[in-house]
Amino acid sequence: MALGEISTSMNTSLASASIDPSASTASSTHTGHGHSAMPAELEQTLSMLSSHRSVLGYILLSRGEQVSIIRHAGVVFEGEQGKKYAAVIRRIVESVKAGLEEVSGEENEGDSIRFMRIRTKRHELMILPDDRYLLAVLHDPAA
């Protein structure tokens, strides 16, 4: 499956997700043992992401004043490194949102960020913001 198809699946799954973020803490991790009740479609999408050969990991975050990690997969998002990624992803989304609001004016009121891709020399970070969650996927585009 191509990453374009995965991003479409991410959009659909996250939009229909209903997860209770209060059941998680900032140090929550996904261990594959059904940590929190997730819709089957989201479970399937996260599983598909984890199995894609170029995906290094994903992180699902709650939105709000205090961002918390609801679930993650991949070594890159474990422990303190995962907390750093969570904070940075939140700042990226908030910064882009503020910039768009600044330039859009009233004619684009109600517009929102749907998907972001940030590519570096080594990796690509795909971020899917939602009203309730942030889903980020880190992958190696060379793989």
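Biologist: Is phenylalanine 77 buried or exposed?

Modeller: Happy to take that one, keeping in mind that this is a predicted model. Buried means under 20% relative accessible area. Phenylalanine 77 has a relative accessibility of 1%, so phenylalanine 77 counts as buried.

Biologist: Which residue forms an aromatic pair with phenylalanine 77?

Modeller: A search of the whole structure turns up 1 aromatic pair. In that pair the ring centres are 5.0 Å apart, with 75 degrees between the planes. Planes over 60 degrees apart count as edge-to-face, so the geometry is edge-to-face, and the partner of phenylalanine 77 is tyrosine 85.

Biologist: Good, now histidine 52: which side chain joins it in a polar contact?

Modeller: Histidine 52 sits in the loop between α2 (40–51) and β1 (55–62). With a relative accessible area of 17%, histidine 52 is buried. The contact spans 3.1 Å, and the side chain on the other end belongs to serine 54.

Biologist: In the pairing of β3 and β4, which residue stands opposite arginine 119?

Modeller: Strands β3 (residues 116–119) and β4 (residues 124–129) run antiparallel, joined by 4 bridges. A hairpin of 4 residues links β3 to β4. Opposite arginine 119, in β4, stands glutamate 124.

Biologist: And which element of the protein chain has the lowest mean pLDDT?

Modeller: Across the protein chain the average pLDDT is 79, and 71% of the residues score at least 70. Over residues 20–35 the pLDDT is below 50, though this stretch has 22 contacts in the model beyond near neighbours in sequence. Where pLDDT is low, the predicted coordinates should not be read in detail. Among the elements, β3 has the highest mean, 96, and the lowest, 58, belongs to helix α1 (residues 3–16).

Technical notes
Residues numbered from 1 in each chain as written. Predicted model: local features only at pLDDT ≥ 70, side-chain atom pairs only at ≥ 80, totals over all residues. Heavy atoms only, no water. Helix = DSSP H or I, 4+ residues; strand = E, 2+ residues; numbered from the N terminus. Buried < 20%, exposed > 50% of the residue type's maximum accessible area, 1.4 Å probe, protein only. Polar contact = N/O pair within 3.5 Å; in protein donor to acceptor, adjacent residues only side chain to side chain. Phe/Tyr/Trp six-rings, centres within 6.5 Å; stacked < 30°, edge-to-face > 60°. Pairing = 2+ DSSP bridges. pLDDT = per-residue confidence, 0-100. Contact = heavy atoms within 4.5 Å.
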